[in-house]
Amino acid sequence: GDIVTSVAGLNLARASYRFASPTDLITDVTLVHPFDSRHQLKEDSLAEAEARKNRAYKADYHAQGLAFAPLACNSFGQQGPDLLRYLWLVADRHAQRKCSGLVPSSVIPVTDVQYSASASVSLFKACRARLYRQSVQEVLLAIYEAVTERVLGRTYALQAYLEY
């Protein structure tokens, strides 16, 4: 796997999850191109990339008691559903740590209307949204740098130009 992390704190405990809280999460990042060799658009390139990674690795990791998630993106900057979910969960956990004591870990889904309108929950949601957008932007920068390095043989220092 490309990224190994602990699932602890990344997801809420649910009966449908087969994994205990300290289970390692193995992710495999893949970058695909949305066109085939005949320059025809592959509309399902991200789903196909995720399915290919799942077929190759998921069962073997699950047999070892490890969680697996394919993180697919394409050279146009689109990011697959599992990658976006992963970034959301990481942003959610980071925001919970930044707002520790203000918001319980079970804030999602909020069932109490009065609680969901509280200032602390609003701050938490704003923090989580900012962290999520930031992480999506970082992935876009990494995709751009990977594509330009491969195609053009060089990259451009985009980190200094965050306004773009």
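**A pocket and its surroundings in a predicted model**

About 180 Å³ of space lies in the second largest pocket of this predicted model. The lining of that pocket is made by I3, V29, L31, L71, C73, L83, Y86, L87, V139, A142, I143 and A146. Several parts of the fold meet here: strands β2 and β3, together with helices α2 (81-98) and α4 (119-152), each contribute at least two residues to the lining. Helix α4 gives the most, with 4 residues.

One of the lining residues, L87, is a helpful place to pause. L87 belongs to helix α2. Is L87 buried or exposed? Its relative accessible area is 9%, and residues under 20% count as buried, so L87 is buried. Which residues does L87 touch, once its neighbours within four places in sequence are set aside? The contacts of L87 are then Q79, Y132, S135, V136 and V139. Among these, V139 also appears in the lining of the second largest pocket. Y132 shows nicely how a chain can fold back on itself: L87 and Y132 are 45 residues apart in sequence, yet their C-alpha atoms are 6.3 Å apart in space.

The two strands that help to line the pocket can be followed next. Strand β2 covers residues 24-32 and strand β3 covers residues 67-74, and the two pair in the parallel sense over 8 bridges. Within this pairing, T30 stands opposite A72 in β3. What kind of unit do β2, β3 and helix α1 make? With helix α1 spanning residues 45-63, the three elements form a right-handed β-α-β unit.

Stepping back, the whole protein can now be described. It contains 4 helices and 3 strands. Along the sequence, these elements follow the pattern β-β-α-β-α-α-α. The protein has 164 residues, of which 31% count as buried, and L87 is one of the buried residues. Contacts between distant parts of the sequence feature here as well: of the contacts with a separation of 6 or more, 57% are between residues 24 or more positions apart. The pair L87 and V139, described above, is one contact between residues of the pocket lining. On the outside, the protein exposes about 10,400 Å², and carbon and sulfur atoms supply 55% of this area.

Note on methods: Residues are numbered from 1 along each chain as its sequence is written. This is a predicted model: local features need pLDDT of at least 70, side-chain atom pairs count only at pLDDT 80 or more; totals for chains, interfaces and linings use all residues. Side-chain values use heavy atoms; hydrogens and water are left out. Two strands pair if DSSP finds at least two bridges between them. A crossover is right-handed if, with the strands pointing away from the viewer, the path from the first strand over the helix to the second runs clockwise. Buried means under 20% relative accessible area, exposed over 50%, partly exposed in between (1.4 Å probe, protein chains only). Contact means heavy atoms within 4.5 Å. Accessible areas come from the Shrake-Rupley method with a 1.4 Å probe; for residues, only the protein chains shown count as cover. On a 1 Å grid over the protein atoms alone, a cavity is a set of points where a 1.4 Å probe fits but cannot get out, and a pocket is an open set with protein on both sides within 12 Å along at least five of seven lines; lining residues have an atom within 4 Å of a point. Grid points are joined across faces, edges and corners, and a volume is the space filled by probe spheres set on the points.
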